Amino acid sequence: TGMSKSLSRKMLLEQYLHRAIEHDELYLEYQPIIDVCSNEIIGLEALLRWMHPVLGNISPGEFIQIAEESDLILKLSNWVLFTVCRQRCYWMDQGLAPFYISINVPAQQIQQDTFIETIKRALKQYKLPAEFLKIEITERTAMTNVEKTLTTMRELQEFGVDIILDDFGIGYSSISYLVQYPFNTIKIDKSFIQDLYHNSSQKSVCRSLVAMGKNLGMNVVAEGVEVFEQYHYLCSIGCDKMQGYYFSRPISQELVESFINHIYTVKL
Ligand code: C2E
Ligand code: CA
Ligand code: CA
């Protein structure tokens with residue numbers, strides 16, 4: 001049956017995922033985050049990829065959910081953290097521009113007692129300034145184990161690692177609750193951007209989200225920007241930071257280097 005089939009696939013994937021790091025099957029792609037006023041790349045989001053030798057590429061939507069059901073997610077998340085710091089250090093030595101890299105941090109990771117220590121160790125190992133690393137957490141993560149998560153976030157922020165609120169707008173949390181968190185940036189979820197042209201009330205929603213973020217003194221990034229019309233509308237409502245296929249898909253580290261060299265010579 002379909003159900004037992006998906007169950008056995010899940011079990012198989014979980015089993016393979018345990019060895020994915022040792023077998024060198026994981027890698028990262030990076031998606032540029034653009035400041036549309038200066039036309040510069042201000043950051044890259046690191047996105048985890050898994051290439052299994054027989055099953056091929058497994059989507060992060062599928063394997064990260066499996067990993068999150070066990071401690072496996074901690075192993076993967078730490079691999080991402082150290083790989084990103086090593087990569088950023090390499091790019092610093094190459095003299096690439098001072099963009100940040102953001103990593104997606106799941107609830108299990110931010111709640112680990114050793115989380116801050118581990119972040120500091122990774123930065124120190126690669127002699128990276130804290131502002132080169134940012135962490136993205138979702139509303140749901142921010143709302144889990146609130147006291148502890150808040151303390152960790154404040155300490156991180158004080159240390160210089162900014163925190164980005166990911167997928168903003170689709171969670172269940174009240175705004176008055178969220179404002180007590182030290183978010184540096186909010187990322188408007190791509191569902192709002194995607195609907196801009198099918199649904200006119202979505203335009204007002206988007207405009208309000210941008211205005212709210214700005215009034216709270218936060219940076220606002222729109223994600224999932226795919227076409228010129230979306231880019232154009234976002235510009236007109238004062239949203240000046242964007243991420244999406246319109247600018248670039250998530251790309252390999254090699255492509256990042258040529259993209260950045262290109263962008264800095266022609267200025268988009
Ligand atoms: P996310 O954090 O919201 O990441 C953005 C997703 O949107 C990425 O999907 C990206 O490829 C996709 N995207 C970017 N631009 C566009 C666009 O213009 N249109 C559309 N339709 N999509 C766009 P991806 O890479 O498949 O990742 C899916 C999710 O998996 C991520 O959502 C994140 O929640 C999770 N994820 C990815 N990498 C990691 C990781 O290293 N650690 C953890 N814990 N989660 C990760
Ligand atoms: Ca993200
Ligand atoms: Ca997102």
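A cavity, in the sense used here, is a set of grid points where a 1.4 Å probe fits but cannot get out. By that yardstick the structure, which is a predicted model, holds one cavity of 30 Å³ or more. About 60 Å³ of space lies inside this largest cavity.

What lines the cavity? Its walls come from Leu165, Phe168, Ile175, Leu178, Val179, Phe183, Ile186, Met212, Leu216 and Met218. Sorted by class, that lining comes out as ten nonpolar residues, with no polar and no charged ones. Two secondary-structure elements each chip in at least two of the lining residues: strand 6, spanning 162-168, and helix 8, spanning 175-178.

The largest pocket is another matter. Its volume is about 1,400 Å³, and 46 residues line it. Glu45, Leu47, Asn104, Asp166 and Asp167 are the ones that lie nearest the pocket centre. The lining here is a mixed bag, with 18 nonpolar, 15 polar and 13 charged residues.

Turning to helix packing, helix 2 (residues 60-68) and helix 3 (residues 72-93) have axes that come within 6 Å and cross at roughly 120 degrees. An angle of 65 to 115 degrees would count as roughly perpendicular, but the value found here makes helix 2 oblique to helix 3. On the helix 2 side, Phe63, Ile64, Ala67 and Glu68 do the touching, and they meet Leu72, Ile73 and Leu76 of helix 3. In terms of class, this contact has six nonpolar residues, no polar ones and one charged.

A second helix pair is set up along other lines. Helix 5 (residues 115-125) packs against helix 7 (residues 146-159) at an angle of about 20 degrees, and their axes sit 10 Å apart. Since angles under 35 degrees count as roughly parallel, the two helices are therefore roughly parallel to each other. As for handedness, helix 5 passes helix 7 in a right-handed crossing. Helix 5 brings Phe115, Ile116, Ile119, Lys120 and Leu123 to the contact, while helix 7 answers with Thr152, Glu155, Leu156 and Phe159. The class tally for helix 5 with helix 7 runs to six nonpolar, one polar and two charged residues.

Terms used
Residues numbered from 1 in each chain as written. Chains lettered and ligands numbered in written order. Predicted model: local features only at pLDDT ≥ 70, side-chain atom pairs only at ≥ 80, totals over all residues. Heavy atoms only, no water. Axes fitted to C-alpha atoms, helices over the stretch in contact; angles between N-to-C directions. Helix = DSSP H or I, 4+ residues; strand = E, 2+ residues; numbered from the N terminus. Parallel < 35°, antiparallel > 145°, perpendicular 65-115°, else oblique. Left-handed = near helix turned anticlockwise from the far one by under 90°. Contact = heavy atoms within 4.5 Å. Nonpolar A, V, L, I, M, F, W, Y, C, P; charged D, E, K, R; others polar. 1 Å grid on protein atoms, 1.4 Å probe; cavity = no way out; pocket = protein on both sides within 12 Å on 5 of 7 lines; lining within 4 Å. Points joined across faces, edges and corners; volume = space filled by probe spheres on them.
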